[in-house]
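Please open the structure in the viewer and keep the sequence panel beside it. The tour below proceeds by selections, and each stop states what is to be found there.

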Amino acid sequence: MNAFNFIAEKVWKRVQGWSDRPLSRAGKEVMIKSVAQAIPTYIMSCFQLPDGICEKMRATVSNYWWGFEGGKKKMHWRSWAWMSTPKFLGGMGFRDMKIFNQAMLGRQCWRLITEPDSLCAKVLKGRYYPKSSFLDSGPTKSCSFTWRSLMHGKSLLERGILWRVGNGEDIRITKDKWVPDAPCHPIQPVVQMPDDLKVCSLIDESSRQWNEELVRICFRPADAESILNIPLSQNRVCDHVAWPFTKTGIYTVKSAYNMAKCEAVHLNASAKGKGESSNQVCTAKEWKSLWNINAPPKMKIVLWRFAHDCLPTGQQLRIRQIPAYDLCCYCGIDESTQHAFILCQYVAEIWRELKRKGGFKLMVKMFVSPKQWIFEMLAACTDREATILVIAFWHIWEARNAVRNGENKMHPHCIAEKILAYVDMVLVHWCTPAHPRKSDVLNRKRWEPPPQGWIMVNVDAAIFHKDNRMGLGIVIRDERGVFLAACKQGIDKITDPELAETIAFRRAVNFASQLPHDHIIIASDCESLIKKLQSRVTDRSNIGIIIEDIKKVVCTSTVAFSFIHVNRCCNKAAHVLARSADRLSESVWLHVPPEFLWSTLCNDMTA
Ligand SMILES: [Zn+2]
């Protein structure tokens, strides 16, 4: 433990250096997050810090945030557990150093899994898991501190990792996590299964499809449905691990930290029986709406403290037994949070003036709790109104504190005027214009035939949400624009747009390879897909397996493929065909296009 003391001291010294600077809470927030909590980052990526060190750093940061008065710590109005909860769950988003440490170590583990050929991975494998995989390794009797630290990171990684099914030969059905959206992991079959039975035993070898009958026998209906929804590789690509909390499927410290912190928040909430987890999704939306308000951060913090009812109003001071004047400084009656911001006659006059001059209407009915009231209010507000609300709250709170500190009371109308002036300033100066969309001017606006010797394959997908299925359309033309072939197909259970585009693309590759041409351009209007196909990195997102499938065809085929991204208006024929593929069947046309496609094909040639 002593070996790491210097880190806690470094953090403490740094924060001490700021103590004489009068910073707002928002200013302190920036200093803590970008400086103090970033100090131990390097050490934490290699070693598991002792709890005592994390606790020291926590105390330093926490005391600084809440402040000192006359050499004494001020009241900490919310627990550290809340302060370190992510903002979208209602916290201040400070780093919980223990969990952050674990997430950093998790990244090292992720590298050992995804870069098994690195020197570091080879050395550790030789020493600690010569005959198994890293995921199956564990601590040994004589292991080093480094290895024990890694095992700590691994325990976080394991909770989040998800296997993507390729050939299914590396994934154990009941031991590994491989079914996305399954309510519990690993999945529980309804029949007895040996521990080492692999996922490939659920796949029909010849058709490369799930053995639906078997899957339905082995699992509960909902689980079976989730399994059957997993798109399978046609070319037996290898299984790989993915991190499902990022779009790319690649582990990031931030996403791992948020996952672990959310788990902790839920655990805490259910332990207290608050049932917070059930409406977590909607509160996350509401907290985001609070932090997204266009207003200075220091003002939003007042609103945040109001929502948590942790501002030192008279009533709160009394509850916490802090000796101070605990009545309203304007009218001398009991000062609840509701009174201080809404009901007090002095404050009500400010709100009336804001209505007269600024057209802002305060919702007065139903005050169950500050949090509920503020969320309902924000839900009904326009962006401008939300800005007024935040700025008004801050000014009301500041005015109240000034009067309590002996300053003269201002006329409520003056405060309203100050608020509206501030609102104007914010709305004029803070509103950055939305970035203009990337110009399409340079892109081609119409279909153009491929260069000599090549054929052009246009492919597109359409989603039919009502029927829970996708349609795909493929149109192939030669260098003169002559129609060669087309295909359309409806496929069940796929409604994710990018996945649909990828499956359509794979079909296009297979379909085009059957034609007697060996120079093939495949054009899609899905830019992200083309980027993924051109990347040399293993794609670990939900479409990763299909991407690998396509890459494998390209590698092993004698045909020269070129994949390009085109503007939607160059892809109309495929689009029309995909939109028409609303049945679960496949149609193929050779040499003669279907009648409903004639006009689109003509337009492509004459536009
Ligand atoms: Zn009052």
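Two strands are said to pair if DSSP finds at least two bridges between them. With that term in hand, the tour may begin; please note that this is a predicted model.

**The whole chain**

Display the full chain as a cartoon. Its secondary structure comes to 24 helices and 12 strands. The C-alpha trace spans about 90 × 70 × 45 Å along its principal axes. Of the 607 residues in the chain, 35% are buried. Among contacts with a separation of 6 or more, 70% are between residues 24 or more positions apart.

**The sheet**

Select the strands S11, S10, S7, S8, S9 and S12, in that order. They form an open sheet of 6 strands, with mixed pairing. Which strands stand at the edges? They are S11 (560–565) and S12 (586–590); each has a single partner strand, so one side of each is left without a neighbour in the sheet. From one strand to the next, the twist averages 15°. Strands of a sheet pair through backbone hydrogen bonds, either parallel or antiparallel.

**Strand S8**

Now select residues 469–477, which form strand S8. How many of the residues of S8 are buried? The count is 9 of 9, and the strand is mostly covered. In a regular strand the side chains alternate between the two faces of the sheet. Colour Arg469, Gly471, Gly473, Val475 and Arg477, which lie on one side of S8, and then Met470, Leu472, Ile474 and Ile476, which lie on the other. Both faces are covered, since the residues on each side are all buried.

**The neighbours of S8**

Add residues 455–464, strand S7, to the selection. S7 and S8 pair in the antiparallel sense over 9 bridges. As a point of reference, find Ala461, which stands opposite Leu472 in S8. The two strands form a hairpin with 4 residues between them, and Asn468 in the turn has a positive phi of about 55°.

Next, add residues 483–492, strand S9. S8 and S9 also pair in the antiparallel sense, over 9 bridges. Gly473 has Lys488 in S9 as its bridge partner, and Arg469 stands opposite Asp492 in S9. S8 and S9 form a hairpin as well, with 5 residues between them. In this turn, Gly481 has a positive phi of about 85°.

From S9, proceed to the edge strand S12. The two run antiparallel and are joined by 5 bridges. Lys488 stands opposite Ser587 in S12, while Cys487 stands opposite Val588 in S12.

**Arg480 in the loop**

Select Arg480, which has its place in the loop between S8 and S9. Is Arg480 buried or exposed? A residue counts as exposed if 12 or fewer other C-beta atoms lie within 10 Å of its own. Arg480 has 9 other C-beta atoms within 10 Å and is therefore exposed. To cross the model from here, draw a distance from the C-alpha of Arg480 to that of Lys141: the two residues are 72 Å apart in space and 339 residues apart in sequence.

**The nonpolar cores**

Select Val457, Ile474, Ala508, Ile522 and Leu577. In the largest nonpolar core, which has 103 residues, these five touch the most other members. Helix H6 (residues 97–114) supplies the largest share of this core, 9 residues. Apart from it lies another core, of 35 residues, among them Ile350, Phe360, Ala392 and Ala416.

Return to Ile522 and show what surrounds it. Leaving aside neighbours within four places in sequence, Ile522 is in contact with Val457, Val459, Phe505, Ala508, Val509, Ala512, Phe561 and Phe563.

**Two helices that cross**

For the last stop, select helix H13 (residues 297–307) and helix H18 (residues 383–404). At what angle do they pack? The angle is about 80°, and the axes are 8 Å apart. Angles of 65 to 115 degrees count as roughly perpendicular, and H13 and H18 are therefore roughly perpendicular to each other. Show the side chains of Met299, Lys300, Val302, Leu303 and Phe306 in H13, which meet Val390, Ile391, Phe393, Trp394 and Trp397 in H18. By class, this contact has 9 nonpolar, no polar and 1 charged residues.

Key: Residues numbered from 1 in each chain as written. Axes fitted to C-alpha atoms, helices over the stretch in contact; angles between N-to-C directions. Parallel < 35°, antiparallel > 145°, perpendicular 65-115°, else oblique. Contact = placed C-beta atoms within 7 Å. Nonpolar A, V, L, I, M, F, W, Y, C, P; charged D, E, K, R; others polar. Buried ≥ 20, exposed ≤ 12 C-beta atoms within 10 Å, placed from the backbone. Core = buried A, V, L, I, M, F, W, Y, C linked by C-beta atoms within 7 Å.
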